[in-house]
Amino acid sequence: MTGSDRICAALDFPTWSAAEPFARAVAPGVGMLKVGLELFVAEGPPAVRAAAALGRPVFLDLKLHDIPNTVEGAARSAARSGAALLTVHASGGSDMVAAAVRGAGPEVKVLAVTALTSLDDADLDEIGLAGPAESAVVRLARLAVRAGARGIVCSPQEVHAVRAAVGPGVLLVVPGVRPAGAAKGDQSRIATPSQAVRAGADVLVIGRPLREGNDPAAAARAIAESIQE
Ligand SMILES: O=c1ccn([C@@H]2O[C@H](COP(=O)(O)O)[C@@H](O)[C@H]2O)c(=O)[nH]1
């Protein structure tokens, strides 16, 4: 896998017309494009199709979390949009993750989000996940993989422990990635791209560090070079 294949660019924009110039600029230098809540709520499945038309697999990051029957239906609908990957929250439980996998069908990889990378230990304590983030993340990752998830979303700080817990066949997708000197923003559990890859990440989800400069293609190239093995 090349460095650029490992980068997933987050299209966190309010409309497709705002996202399109960025998406066109970065698509040749990344392995995947991510449509998240902001763009999907505004534009729906046409945003997934428009992103897919740029020739990269689309990761639909909806972080579904509801009763199993509802999540199964939502995953079925998401699969019709042409997304290649779809997220659900592992904390929805085994039955919910299994329902998402059924709904998504064989063509769409369901990834389970363990603990949002914006949460620090105090936040996790507040929501009842006391202890180091790593214990909760590994527990949720195991649960999700047993329920059929084909990938796990975790921070770069837990990726090594998650890999050890779930083995080599599970896709580890890692947001909370910040090149040295980049602003942290609302992310808490972060590391640099090369630290994340060395710890075992397969795919790095990167948004603001690509979007906030004036040359997103050059920013993607610099990150790709920093993780080229
Ligand atoms: O735990 C999670 C799960 C998903 N995300 C998403 O990744 C990107 C990160 O964007 P940055 O601008 O690089 O912080 C964003 O789309 C999130 O929705 C996450 O950050 N953490």
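**Exercise 1: Lys63**

Find out which residues Lys63 is in contact with, leaving aside its neighbours within four places in sequence.

*Solution.* Start with the contacts: outside that stretch, Lys63 touches Thr87, Val88, His89 and Val113. Two residues are in contact if their C-beta atoms, placed from the backbone, lie within 7 Å. A quick word on what you're looking at: this is a predicted model, where local features need pLDDT of at least 70 and side-chain atom pairs count only at pLDDT 80 or more, while totals for chains, interfaces and linings use all residues. Residues are numbered from 1 along each chain as its sequence is written.

Next, place the residue: Lys63 sits in strand β3, which covers residues 58–64. (Helices are DSSP runs of H or I with at least four residues, strands are runs of E with at least two, and both are numbered from the N terminus.)

Then check its surroundings. Lys63 counts as partly exposed because it has 17 C-beta neighbours inside 10 Å. The scale goes like this: buried if 20 or more other C-beta atoms lie within 10 Å of a residue's own, exposed if 12 or fewer, partly exposed in between, with C-beta atoms placed from the backbone.

Finally, look at the record: an unreviewed UniProt entry lists Lys63 under "active site". Such annotations may be inferred rather than shown by experiment; the positions follow the numbering used here, and feature names are shortened.

**Exercise 2: around the ligand**

Work out how many residues surround the ligand, and which are closest.

*Solution.* The shell holds 17 residues, and the closest are Ala10, Thr117, Pro175, Gly207 and Arg208. Here, a residue is near a molecule or strand if its C-beta atom, placed from the backbone, lies within 6 Å of it.

Now sort the shell by class: eight residues are nonpolar, six are polar and three are charged. (Ala, Val, Leu, Ile, Met, Phe, Trp, Tyr, Cys and Pro count as nonpolar, Asp, Glu, Lys and Arg as charged, and the others, Gly among them, as polar.)

Last, ask where they come from: β8 (203–206) and α10 (208–211) each give the shell at least two residues.

**Exercise 3: helix α4**

Compare the span expected for α4 with the distance between its end C-alpha atoms.

*Solution.* The rule is 1.5 Å times one less than the number of residues. For the 13 residues of α4 that gives 18 Å, and the end C-alpha atoms are 19 Å apart, which agrees.

Now for the sides of the helix. Val71, Glu72, Ala75 and Ala78 are the buried residues of α4. They lie on the same side of α4, because they cover an arc of only 125° around the axis. (The arc is that of the directions from the helix axis to the C-beta atoms.) Turned away from the buried side is a face with the exposed residues Asn69 and Arg80.

What do the buried residues of α4 pack against? Their partners are β3, β4, α5 and β5. Just past α4, Gly82 has a positive phi of about 95°.

**Exercise 4: helices α5 and α3**

List the buried residues of α5 and some of the elements that cover them.

*Solution.* Helix α5 runs over residues 94–104, and its buried residues are Met96, Val97, Ala99, Ala100, Val101, Gly103 and Ala104. Their cover includes β3, α4 (68–80), β4 (85–89), β5 (109–113) and α7 (133–146). Just after α5 comes Gly105, with a positive phi of about 75°.

Now try α3 (residues 45–52), whose buried residues are Ala47, Val48, Ala50 and Ala51. Seen down the axis, these fall within an arc of 165°, so they line one face of α3. They pack against α1 (16–26), β2 (32–35), α2 (37–43) and β3.

**Exercise 5: Lys109 and Pro168**

Decide whether Lys109 and Pro168 are buried, partly exposed or exposed.

*Solution.* Take Lys109, in strand β5. Lys109 is partly exposed because 19 other C-beta atoms lie within 10 Å. Setting aside neighbours within four places in sequence, Lys109 contacts Ala84, Leu85, Arg150, Gly151 and Leu171.

Pro168 belongs to the loop between α8 (159–166) and β7 (171–174). With 7 C-beta neighbours inside 10 Å, Pro168 counts as exposed. Its C-alpha atom is 22 Å from that of Thr117, 51 residues away along the chain.
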